[in-house]
Amino acid sequence: MKKVTVIKIGGNIIDSPTELEQFLTDFSKIEGYKVLVHGGGKSATKMAQSIGLVPQMIDGRRITDAPMLDVVVMIYAGQINKHIVAQLQAKDNNAIGFSGADGNLIQSTKRNHPTIDYGFVGDVKQVNTKLLATLLEAGVVPVFCAITHDKNGQLLNTNADTIASELSIALSEVFDVTLTYCFEKQGVLMDSEDESSVITEINETLYNKLKEEKVIHSGMIPKLDNCFNSLSRGVQKIKIGHHRMLQNSDIPHTTITL
């Protein structure tokens with residue numbers, strides 16, 4: 001079975017031109033089929049504030065009303081996505097930028113929460129695996145932003161970690177998939193203040209124990225929940241850590257297993 005590497009990069013990489021350049025150099029050297037997923041970093045918030053919008057967050061999740069949706073589409077699917085695609089083309093990777101609406105690649109439903117109106121936020125419903133596999137086999141490097149659609153003409157802001165997870169699950173029907181989350185830290189840490197305290201391997205039993213002990217908390221919980229969901233649905237391997245691990249396997253990082 002052919003291998004696919006799916007990589008999601010966090011905002012701290014996107015927000016730093018130096019880090020982004022280093023990451024894209026490492027990413028461009030990965031052999032075989034690969035998919036890149038990116039969020040938006042702080043750019044959408046800065047743009048929103050510059051035109052008088054007040055960004056709203058609940059539990060770390062963005063509330064996306066109609067004016068904010070315009071901003072995130074413009075920044076995620078436009079400025080950031082095309083900047084990344086152009087840089088990958090300069091590194092001889094035949095990248096094409098996608099939102100979920102392009103080729104109906106990722107269809108979502110508008111989130112329906114019992115108490116919170118998240119606005120135009122989408123939860124992934126299905127992935128067009130056949131088209132995505134065809135693109136990969138044609139030598140394309142897909143670069144996905146965090147925008148999907150509902151098949152009724154509505155674009156939706158969608159969590160980039162979840163997009164990476166759902167793409168990996170869909171592709172695992174056809175390929176041997178490794179999902180990698182690259183962010184500014186070396187991996188999941190025992191002590192968030194100590195970069196050297198990387199937990200090199202986490203299974204579900206240890207994860208539940210560390211959650212109870214509050215060692216793992218806040219934003220790392222939804223990220224790891226996504227990881228275990230992906231593993232249970234066919235993804236072969238998941239890694240979390242700094243992008244330097246892409247070209248140097250000796251760099252400490254966290255591997256997630258069931």
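## Helices H7 and H8

In this predicted model, the contact between helices H7 and H8 is formed by Glu204, Tyr207 and Lys211 on the H7 side, which meet Ile221, Leu224, Asp225 and Phe228 on the H8 side. Sorted by class, the residues of this contact comprise 4 nonpolar and 3 charged ones, with no polar residue among them.

The geometry of the pair can be described from the fitted axes: those of H7 (residues 204-212) and H8 (residues 220-232) come within 12 Å and cross at roughly 160 degrees. Because an angle over 145 degrees counts as roughly antiparallel, H7 is roughly antiparallel to H8. The crossing of these two helices is left-handed.

## Helices H2 and H4

A second helix pair is formed by H2 (residues 17-28) and H4, whose axes lie 10 Å apart and which pack at an angle of about 50 degrees. That angle makes H2 oblique to H4, and the crossing of H2 and H4 is right-handed.

From H2, the residues Leu20, Glu21, Leu24, Phe27 and Ser28 take part in the contact, and they meet His83, Ile84, Gln87 and Leu88 of H4. In terms of class, the contact of H2 with H4 contains 5 nonpolar residues, 3 polar residues and 1 charged residue.

## The largest nonpolar core

The largest nonpolar core has 75 residues, and within this set Ile9, Phe23 and Leu36 are the members that touch the most other members. Helix H4, spanning residues 66-90, supplies the largest share of this core, namely 10 residues. As general background, nonpolar side chains in soluble globular proteins tend to be buried together.

The surroundings of Ile9 can be listed in full once its neighbours within four places in sequence are left aside: Ile9 is then in contact with Ile14, Leu20, Phe23, Leu36, Val37, His38, Gly39, Ile84 and Cys182. Two of these partners, Leu20 and Ile84, also appear in the contact of H2 with H4, Leu20 on the H2 side and Ile84 on the H4 side, while Phe23 and Leu36 are named with Ile9 among the core members that touch the most others.

## Thr178 in strand E11

Thr178 belongs to strand E11, which covers residues 176-182. Is this residue buried or exposed? With a relative accessible area of 18%, Thr178 is buried, since the cut-off for that label is under 20%.

Leaving aside neighbours within four places in sequence, the contacts of Thr178 are with Val4, Thr5 and Val6, and also with Lys237 and Lys239.

Key
Residues numbered from 1 in each chain as written. Predicted model: local features only at pLDDT ≥ 70, side-chain atom pairs only at ≥ 80, totals over all residues. Heavy atoms only, no water. Core = buried A, V, L, I, M, F, W, Y, C linked by side-chain atoms within 4.5 Å. Buried < 20%, exposed > 50% of the residue type's maximum accessible area, 1.4 Å probe, protein only. Helix = DSSP H or I, 4+ residues; strand = E, 2+ residues; numbered from the N terminus. Contact = heavy atoms within 4.5 Å. Axes fitted to C-alpha atoms, helices over the stretch in contact; angles between N-to-C directions. Parallel < 35°, antiparallel > 145°, perpendicular 65-115°, else oblique. Left-handed = near helix turned anticlockwise from the far one by under 90°. Nonpolar A, V, L, I, M, F, W, Y, C, P; charged D, E, K, R; others polar.
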